[in-house]
Amino acid sequence: MVHFQAFWQPWQHILVNVLYALIGITIVFAAQFSRSRFSLLAALWLLFYLSFEYTLPWSAWLKNHKDWMLLTGVGVFALFSVIKDRGLFSVHGPGRLLIIAMCGLIAHVWLWASELIIAQVPKTDPAYDYVQLLALEVPVVFASMVLLWQSLVKANLLLSALLVSFIIWCVQYYQLIALPWEVILTVLVCHYLLVVIIDSYFLAYRDELTALPSRRALNQLALSLGRKYTVAMMDIDHFKKFNDTYGHDIGDQVLKLVASKLSKVRGGGKVYRYGGEEFTVVFPGKSASHAAAELEKLRQAIADYKMVIRDPNRKTKQARNGSKNKGMKTVSITISIGVAARGSKQNFDRVLKLADEALYRAKKNGRNNVSY
Ligand SMILES: Nc1nc2c(ncn2[C@@H]2O[C@H](COP(=O)(O)OP(=O)(O)OP(=O)(O)O)[C@@H](O)[C@H]2O)c(=O)[nH]1
């Protein structure tokens, strides 16, 4: 550990400048991309670093209250894993600052109360060692469970960055590693920046509901297509009626289901959510007949699937609780598909339009079919 310290010493002054620059960039960048939690975390890390590097009015107090700092930190990480990102410069901004202040206050009250409880237990009592854990270990374990649970449920990069920050915060408190804060914070802030960049990329190029590539990604693909390709436009049949009957949430479930079935396309097809209940599949380098065979399999797979949903006509709560399948019903979903292969001198927009016209014919032909 001492070896690490000595190794980093000559680099420290350069790292400090890099760190300030990185924190500044992260604060602005994360705020710009509505990732306010990372703006706030970067700002908190800066405040923390400056408090120990310089003699600020509260520096001495902080040095004598490391337990309070640990608890406030774990509280902030745990709460940030639960709340959503909201605009920093909106009405939610002050709310986020209030949450941080609340963590500090709760940490203070917790430490005070646990001290009182611990004082009640005599040192000779066999429970004494366990009661000692109340002050720090119990809230730290609780916060780690919240973070782990959120990471498992939400499974996204932002949560992983929060989890890493939390682990480093605890590991440093218990002095399990002895790297200088400049090194740790540089790595952490780089991690935040990377997460915000990757997340923004997915936000721009992935459809949030279905997780399929979005229309913007389709436009990107169009730029790299060669002379030969086939495009299919597809649309869920009678989707408006479906939404009206079962509600928008079930409609969203249908969109996800159709997206997951479409994403299994073979034959080199690439699937995109075009918008609403429309999807596009592009087959680079493939003919219409090759694509049609794969599309027919998709159409059939979706038509054959029986989706179990809540029956909107279910009556009482008792009826719902009566049996497992009461209040449930199965429905079938169908899609119509229009296919067009690129002809000579046609650009992507033209081929897309032809596929859309073919889709219109598929609808006119009674839906649930593939038309050219
Ligand atoms: N649940 C949900 N509904 C959506 C979404 N995007 C679009 N819709 C709905 O999709 C429906 C599209 O309906 P229409 O374009 O009239 O077509 P349709 O009912 O599918 O009829 P046909 O295409 O003629 O078979 C509208 O009711 C939209 O509100 C979405 O993201 N989620």
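## The largest pocket

Helix 10 contributes the most to the lining of the largest pocket, supplying four residues, in a model that is predicted. Helix 10 (181-205) is joined by helix 9 (157-173), and each of these helices provides at least two residues of that lining. The pocket has a volume of about 710 Å³, and its lining is made up of 21 residues, of which Arg-35, Asn-156, Leu-158, Asp-199 and Glu-208 lie nearest its centre.

Sorted by class, the residues that line the largest pocket comprise 10 nonpolar, two polar and nine charged ones.

## Annotated transmembrane regions

In an unreviewed UniProt entry, the feature "transmembrane region" is placed at residues 12-31, 38-56, 68-85, 97-118, 130-149, 156-177 and 183-205. For two of these spans the predicted coordinates can be set beside the annotation. Residues 12-31 are 100% helix and 0% strand, with end C-alpha atoms that lie 28 Å apart, while residues 38-56 are 84% helix and 0% strand, with end C-alpha atoms 24 Å apart.

## Ser-151 in helix 8

Ser-151 belongs to helix 8, which covers residues 137-154. Because its relative accessibility is 15%, and buried means under 20%, Ser-151 counts as buried. Once its neighbours within four places in sequence are left aside, Ser-151 is in contact with Leu-159 and Leu-163.

## The five-stranded sheet

An open sheet of five strands, with mixed pairing, has the strand order 2-3-1-6-7. Its edges are formed by strand 2 (270-275) and strand 7 (370-371), each of which pairs on one side only.

Beginning from the edge at strand 2, this strand pairs with strand 3 in the antiparallel sense over five bridges, and Lys-270 has Val-282 of strand 3 as its bridge partner. The hairpin of strand 2 and strand 3 has two residues between the strands, and within this hairpin Gly-276 takes a positive phi near 50°. Strand 3 (residues 278-284) is also paired with strand 1 (residues 229-236), in the antiparallel sense and over seven bridges. Val-282 of strand 3 is the bridge partner of Val-231, and Val-281, also in strand 3, is the bridge partner of Ala-232. Strand 3 is mostly covered, with five of its seven residues buried.

## From strand 1 to strand 7

Strand 1 is joined to strand 6 by seven bridges, and these two strands run antiparallel. Within this pairing, Met-233 stands opposite Gly-338 of strand 6. Strand 6, residues 335-341, is mostly covered, since six of its seven residues are buried.

Strand 6 and strand 7, by contrast, run parallel and are joined by two bridges. Gly-338, which stands opposite Met-233, also stands opposite Ser-371 in strand 7.

## Gln-300 in helix 14

Gln-300 is located in helix 14, which spans residues 288-304. With a relative accessibility of 34%, which falls between the 20% limit for buried and the 50% limit for exposed, Gln-300 counts as partly exposed. Although Gln-300 and Asn-368 are 68 residues apart along the chain, their C-alpha atoms are separated by 8.7 Å.

Methods
Residues numbered from 1 in each chain as written. Predicted model: local features only at pLDDT ≥ 70, side-chain atom pairs only at ≥ 80, totals over all residues. Heavy atoms only, no water. Buried < 20%, exposed > 50% of the residue type's maximum accessible area, 1.4 Å probe, protein only. UniProt positions renumbered as here; feature names shortened; annotations may be inferred. Contact = heavy atoms within 4.5 Å. 1 Å grid on protein atoms, 1.4 Å probe; cavity = no way out; pocket = protein on both sides within 12 Å on 5 of 7 lines; lining within 4 Å. Points joined across faces, edges and corners; volume = space filled by probe spheres on them. Nonpolar A, V, L, I, M, F, W, Y, C, P; charged D, E, K, R; others polar. Pairing = 2+ DSSP bridges.
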